Amino acid sequence: MIPILGLAVGVVLGLLLDPSVPVWLQPYLPIAVVAALDAVFGGIRARFDGIFDAKVFVVSFVSNVVVAALIVFLGDQLGVGAQLSTAVVVVLGIRIFGNAAAIRRHLFRA
Amino acid sequence: MADEDTSRESTPDDGPGATPQDDAARPSLWHRLRHRRRDRLAAALIGVLTLLLGFAFAVQVRSTDTDTAYTGAREEDLVSILDQVNAREDRLRQQISEQRAALEQLTDTDSQAAAALAEAQQRATELGILNGSLAAQGPGLRMTISDPGDDITPAVLLNAVQELRGAGAETMQVDDVRIGVSSAITGSGGALQIDGQDVDAPYVVLVIGDPQVLATAMDIPGGVSAAVRREGGDVTIVQSDQVVVDALRPLDQPQYAQPTD
C-alpha cells in the first residue's frame, strides 16, 4: 500500500512542480529511474514469493540506483558513457522482464 | 533516543510482577517491539524511496517530452533536419534584410515627405510675402512723400515703386495698400488710387529690403527724390531695422491660367 501511495504522490508532485532536471543530473536520472524500477519489480516478486524483506528492498533499491549511476559516470569519464548506459539499460531490462514473468506466473498461474 | 523509548515502554511490563514467566516473555516482547519499530522505519523508507522514484519518473518523462526529441534520430535524419533548419535560417535572414530595406525606404520616404512639406511651406511663405497675402517684417525703410501742391502724378509714385523694386525691395506698402505684382497706380495728382483704393498725401511707403541700398536708390541724382522735389513735394527717408508691412492683398484666383506639370 505504502509503495503504491508513494509512487502516486511522487508522480503527482513531479507533474505539478515540473522542475527542470539539472544538467549534471541529466545523464544519470533515466538510468537511476530504470534501476529503481528494477528494484521495485524485484520487491514485488519477493512479495509474491513470500520472501520480501524490507531491509533487503531498501538496500537493493539504493545500491541499484547508486551502482547504475556510478557505471554511467565511469562510462562518461572513459568516453563510453552512451554504450555503458545502453548496457545498464539492457541488463536492467532483462531483469525487469524476468521479475515481471515471475510476477505474471504468480498472478495468472501461467 | 531509541533506547529511552524502549526502556519507557518496557517499564510498565517490568513493574507489576517480575515473575519468571515475565522474564521469559521479555525477550520476545522486546523482539516484537523492535521488530515493529523496524517495520515502521522500513515502511517509511520504502515510502520515501518510492516517492522519489515516482517523482524522478515524472520529471524524466516530462523533460524527455520537451527537449530530447532528437536523441534517438539517425545521423542522416539529423543532417537533413540540420539542412532544413539552415535553409529556414537563410530564408528568415533574407526576410529580415528585406524588411529592413523596406523599413529604410519607408523612413526615407517619410523624411523626404517631411522635407518636401517643409520646402513647400517655405515656398508658400515666400510666395505669400511676394504677392502680399502674408504680413512681413524685417529691415527696410520708411519713406514719406509729402505733396503739398497735389502735384505728384501716378507716374512719379509708380516710378518710386519701380525704383524700390529695382533696388531689391522684397515687399512694400503705400499708405495701407500692399503693393503686389499686379498693383496699378491710377488717378491724378492729389487723388491717387492704388488698385482702386484712394491714397492720400503724405504717402507713407514701408519697404522691406536692404535699407542702405534702398535709400541710395531713392537719392540718386535724377531719381525718385529729385523727381518729387521737382514736383514741389518732399521725401523723408528713415532707415529701420524693423519695418512691419502688414497690409494684405487679396489673393487673385487665376481664371484662365492652369498650372502645368
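Visitor: How many salt bridges are there between chain A and chain B?
Guide: The count is zero salt bridges between chain A and chain B, a salt bridge being a side-chain nitrogen of Lys or Arg within 4 Å of a carboxyl oxygen of Asp or Glu. This is a predicted model, in which local features need pLDDT of at least 70 and side-chain atom pairs count only at pLDDT 80 or more, while totals for chains, interfaces and linings use all residues. Residues are numbered from 1 along each chain as written, chains are lettered from A in written order, and side-chain values use heavy atoms without hydrogens or water.

Visitor: Which elements give two or more residues to the side of chain A that touches chain B?
Guide: They are α1 (2-17), α2 (28-49) and α3 (54-78) of chain A; helices are DSSP runs of H or I with at least four residues, and strands are runs of E with at least two, numbered from the N terminus.

Visitor: Which gives the most?
Guide: α1(A) does, with eleven residues.

Visitor: How many residues does each chain bring to the contact?
Guide: Chain A brings 28 residues and chain B 19 residues, where contact means heavy atoms within 4.5 Å.

Visitor: Turning to B:D175, where is it found?
Guide: B:D175 lies in the loop between β2 (171-174) and β3 (177-179) of chain B.

Visitor: What does B:D175 touch?
Guide: Not counting residues up to four places away in sequence, B:D175 touches B:V199, B:D200, B:P202, B:Y203 and B:V204.
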